[in-house]
Structures are given as C-alpha cells and as structure tokens.
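Here is a short set of exercises with worked solutions. Have your viewer ready, and try each task before reading on.

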Amino acid sequence: MSINGQPNVAELDTFLPQDGSKQDGQYGKYKVSVSPTKKLDADAEALQDGKSYFDPFKGRQNLPNSTTDCDTLTHLLKASLGSGILAMPIAFRDCGIVAGIFATILVSLVCTHCAYILVKCAHELYYKTRVTSMSFADVGEIAFANGPPWARRFSGLARVSIIGGLFAAYFGTCSVYTVIIATNFQQVIEFYTGDDEATSGDRIRLYIAALMIPLVLISWVPNLKKLAPISMVANAFMGVGLLITFYYLSIDLPSVAERAYVAPFEVMPQFFSITIFAMEAIGVVMPLENAMKTPQHFIGICGVLNQGMGGVTMIYIFLGFLGYLKYGADTKGSITLNLPTEDYAAQAVKILVGLAVFCTYGLQYFVCLEIVWNSVKDRFQKNSALAEYVVRTILTVAAVILAVAVPTIGPFLGLIGALCFSLLGLIIPVFIEFVTFWDKGFGPCNWIVWKNILVLICGFLALVFGSYTSFLEIINVKDPLPPLETFRNESSLLGNETMANLNATLQQIGDDLLNSTIEAMNKFT
C-alpha cells in the first residue's frame, strides 16, 4: 500500500505478512508460487535420500526486526486479549457458572489445537516448497495444490475462502467496535442529560451514526507506524479500565448458589459463539510465526502458543466467572455497561474503554483495508492515493451502517464468532491437515482422522447453531427475554426437573469441595 507514491508499513505486515518472495527490492505478499507436483515429489525423494537438505528456519535469525520467543508471547497475548474479553460474563450467563468454566477450557483447547495444526502444516509445506514463510492464505492454497489429486482443483477456493473469511471477520469486528464505543459513551452522556433509560435503545443508532466522522478520520491514518503511539495509549486505557472493572466485580459478591450452575442446552450455542470470537486468534498465528527467530519454539508442549493461550484462558475464566456471579441475569453484552453509572470511577471506565476500543478500531480496520485495496489497486494506476482514501472512506461508512442496522453487542459478537471464526479457526485448519499429510498417513488406527472428525463436528455445530441463535437474538433485539428468567419459566430440552436435579447435584458437589477445602486449611493451620 502506498500514499503519494511512497510505500508504507501496512497492517498485514503484522496480520498477513510477507511470504518470503522478493520483487523490485520489496518483499511480496500472497505471491508464493505453487511448485509442480512432480518437482515436489522429486525434492521429497532427494531429501529422503540425503542428496539435499533445505532448512527453512536457517535464515530467520538474520532477518531484520525478527522477534524473540518473549516478543512473540507478548504479541500473542495482546492479540488474544482484545475487547472480546468484555463479553465473557454474558457468555457465562448463557452456559452456567460452573459449566462455563469447563466449556471455556474446552473451547481454548480446541482453538489452540487448531492453531497448532495450522503451524505444523506450514512447517511441513516449508520443506516441500522450499519457502521460508507463508501467510494463512498461502498455507491453505499450497496445501490443497500439492495434496491428493481430488483436492488440487480446490486450491484457489481455499485461498479465496480464507481471505474472504478474514475480511468478513475483521469487518464485522469493526462494526461491533462501533457499537461498543457508542454504548459506553451513551451511558455516561445520558446520565448527565437525564434522558429516559427506557428509550435508550432507540437512541443508540444516533450515537453510532455520530461516530462516522471520527472513525473516517482514524481510517485515514496512512500506516500503523503513525498509529502506534495511539495504540500504546489505548493499551494503557484498556488496562486501567479492566483493573477498575475487576475491582467492581470483586466487591459485594452474592453466593454462587444464586446462579445457575448449568444453563439449558438450547442457549449454549451462544456461549460457544461468543467465546470463540473472544479467544480465537487464528488471523495472527502465521504472522507471528513468520516473524520469529526460532519458529520451532512456537509449537510444542511448552511452546509460545500453549503458554500464551494458557494465560489467556485463565484471565477469560476469571472475568467471565466474576462478571456473571456479580450481575446474574442482568449481565450485558459488555461488562462495563453493568457498572454503576453514578460512580465517577465507573464513568471513567466506560470512557477509557470507549476510547481504547476507538483507537483499536484502526488496528482491525487495516486488515480489511489491505485485503480490499490489494484486490483493486491495479485498476487505479493514476491518482492511486485519492482512490485509496475513497476506499478507506467507503469501508468505514459501510461498517458504521452495519452497526446502525444491528446495534447490539452480544448477538453480533456471537454471529461473527459462529460464522467467521469457527470456519477460519476450526474447520479450515482441519481440512488443511488432511490434505497436507495425506501421503504420510494419519497415525496408528488413523487416530488423526477420528480426532479431526470430532473437531469438525464441534466446528459445524458452532457454525450452524451459533449462527442460528445469534440471528434469532438479532431479530428479537427490541424485545429480548432475560436468559435466566426464560430458563425458569419455560421448559428446556432436558426438562425443568432434570435441569433442577443437575443444578442441585452440582451445587452439592461444590459445597462439599468448599467444606473439604476449609477443613484442610484448618488442619494445616
């Protein structure tokens, strides 16, 4: 991407990085050539015979701006701990305070494993194609192009699906960010203006529309280098806001017994959709791996990926548990909206989080921008700078219009998680593993096949049922039913009696564990 004829560092240098090719002194993107299958077979035979050896990681340490393991871990934490963390309490509301803990661990394991699959396949393809780095789209295309004969015709479709999925996911995220910013500012402003809270849902669209000009201006920032200072301030704002939020969540907590331990199964798809959205970082996995000095350390039992996702999972469980325990059925799409608006500290949190998300908007937006601009820039050889600013403006206006049409946070997050991230983060990596290792086998008793079938079932369930429940909530956004009251007044798939017995059993187990822990501590002291 360029401004006034000068090349700039764009967002995909971080999210969708160079592929290792070099043209006219500049590293290219998405230009990895797919080697003919015969050549690949010859290379593979040569490697097996010891006639040649190619180490794709040998030159990584000499690359400029390559990152250490610690740097990569920091970037992974930053990418995973986005604004989606604010929606974890409402996710727990749709799953139950006990079931939510185990379900979050399950989602984390599946998402982490699929990211591991993607990197493992990329490393295998590095040796096959003698390329030192690939983007997510490159891995998909090259895996299919050099897979079994039936899969090769789908290589182009794999690439288009990945790029299209990334655009849809991050474009939808930009719209959700717009809603989050507007709702946080609305609560503070209307507290002082005294507007009727009962009609605040009708006015939220005006607040979203009012953000159009500020968002257009931030979308005009030419590159992330100039946006970096603002992003650093945004990180500080979000950190302070979360600390104050944790303080509010930790005081005057009710008993755990007052919350549903397990929610009815018919509302659980919403939990999985929101949690996948919050936790999924598949879009940054390959860029982070590409930038590492020692990419072999990214995967493995104690690798960077497992370390980062383990920490992220603990933080998500902690916030989700406390948020739902504190506010119960009244939990809102962003937990900051539950904080008492009359308190100055809570007002500060809403403003800080709103500003932080506003600044982070530019980060998500650049992903969409570069995907679109790379596809159309060849048509605008003359006045390319003007055309680029027009594209930037159109994308921002479209994101705001979508937010005005769907001014809700929870269902919108769930829809993006179910429709986009379940496809990108769960389903596509499994197919990539199938076609990458088809010639090497799938382990004893084909255990990899059975494992991938389970992951596919989880992915398709999240895609279908998560999208369905999110669509229903979006359609009924003007007259939603509080989930826990719905549980009490209507029968669930398991039946009221079964759910009551299950909750009673879990409550008894929890009480026994608590009493045992207290007795053990008394004996120890």
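**Exercise 1. A basic–acidic pair between two helices**

Task: Decide whether Lys-451 and Glu-433 are buried or exposed, and work out which salt bridges they take part in.

Solution. A first point to keep in mind is that this is a predicted model.

- Step 1: Both Lys-451 and Glu-433 are buried.
- Step 2: Look at the side chains. The closest N and O atoms of Lys-451 and Glu-433 are 3.0 Å apart, and the two residues form a salt bridge.
- Step 3: Place the pair on the chain. Lys-451 sits in helix H16 and Glu-433 in helix H15, 18 residues apart, and the pair links distant parts of the chain.
- Step 4: Look for further partners. Lys-120 is linked with Glu-433 and Lys-451 in a network of salt bridges.

**Exercise 2. Two further salt bridges**

Task: Find how many salt bridges a search of the whole structure gives, then describe the pairs Asp-138 with Arg-159 and Arg-93 with Asp-94.

Solution.

- Step 1: The search of the whole structure finds nine salt bridges.
- Step 2: In one of them, Asp-138 is paired with Arg-159, with 3.2 Å between the closest N and O atoms. Asp-138 belongs to helix H5 (residues 136-145) and Arg-159 to helix H6 (residues 155-193), 21 residues apart, so this pair too can be placed by its helices.
- Step 3: Check the accessibility against the cut-off for buried, which is under 20% relative accessible area. Asp-138 has 1%, so Asp-138 is buried. Arg-159 has 13%, so Arg-159 is buried.
- Step 4: Turn to Arg-93 and Asp-94, whose side chains meet in a salt bridge at 3.6 Å, N to O. Both of these residues are buried.

**Exercise 3. Classifying helix pairs**

Task: Which words describe the relative orientation of H10 and H15, and of H6 and H15?

Solution.

- Step 1: Two packed helices are described by the angle between their axes and the distance between the axes.
- Step 2: Take helix H10 (residues 268-279) and helix H15 (residues 410-436). Their axes come within 7 Å and cross at roughly 70 degrees.
- Step 3: Angles of 65 to 115 degrees count as roughly perpendicular, and H10 and H15 are therefore roughly perpendicular to each other. Their crossing is left-handed.
- Step 4: Now take H6 and H15, which pack at an angle of about 155 degrees with their axes 10 Å apart.
- Step 5: Angles over 145 degrees count as roughly antiparallel, and H6 and H15 are therefore roughly antiparallel to each other. H6 passes H15 in a left-handed crossing.

**Exercise 4. Positive phi in loops**

Task: Where do Asn-383 and Cys-445 lie, and what are their phi angles?

Solution.

- Step 1: Asn-383 is in the loop between helix H13 (344-376) and helix H14 (384-405). Although Asn-383 is not a glycine, its phi is positive, at about 55 degrees.
- Step 2: Cys-445 lies in the loop between H15 and H16. Cys-445 is not a glycine either, and has a positive phi of about 55 degrees.
- Step 3: Compare each with the cut-off for exposed, which is over 50%. Asn-383 has 61% relative accessibility, so Asn-383 counts as exposed. Cys-445 has 72%, so Cys-445 is exposed.

**Exercise 5. A nonpolar surface patch**

Task: Which residues form the nonpolar patch on the surface, and is Leu-454 buried or exposed?

Solution.

- Step 1: The patch is formed by Trp-450, Ile-453, Leu-454, Ile-457, Leu-461, Val-464 and Phe-465. Together they have about 700 Å² of accessible area.
- Step 2: Pick out Leu-454, which is found in helix H16 (residues 447-475). Its relative accessible area is 57%, so Leu-454 is exposed.

**Exercise 6. Sequence separation and distance in space**

Task: How many Å separate the C-alpha atoms of Leu-402 and Val-179, and those of Arg-205 and Ala-182?

Solution.

- Step 1: Leu-402 is in helix H14 and is partly exposed, at 30% relative accessible area. Leu-402 and Val-179 are 223 residues apart in sequence, with 9.9 Å from C-alpha to C-alpha.
- Step 2: Arg-205 is in helix H7 (residues 200-210) and is partly exposed, at 28%. Arg-205 and Ala-182 are 23 residues apart along the chain, and their C-alpha atoms are separated by 8.5 Å.

Note on methods. Residues numbered from 1 in each chain as written. Predicted model: local features only at pLDDT ≥ 70, side-chain atom pairs only at ≥ 80, totals over all residues. Heavy atoms only, no water. Patch = residues over 30% accessible without salt bridge, like charges linked within 9 Å, V, L, I, M, F, W, Y side chains within 5 Å. Areas by Shrake-Rupley, 256 points an atom, 1.4 Å probe, with all protein chains shown as cover. Salt bridge = Lys/Arg side-chain N within 4 Å of Asp/Glu carboxyl O. Helix = DSSP H or I, 4+ residues; strand = E, 2+ residues; numbered from the N terminus. Buried < 20%, exposed > 50% of the residue type's maximum accessible area, 1.4 Å probe, protein only. Axes fitted to C-alpha atoms, helices over the stretch in contact; angles between N-to-C directions. Parallel < 35°, antiparallel > 145°, perpendicular 65-115°, else oblique. Left-handed = near helix turned anticlockwise from the far one by under 90°.
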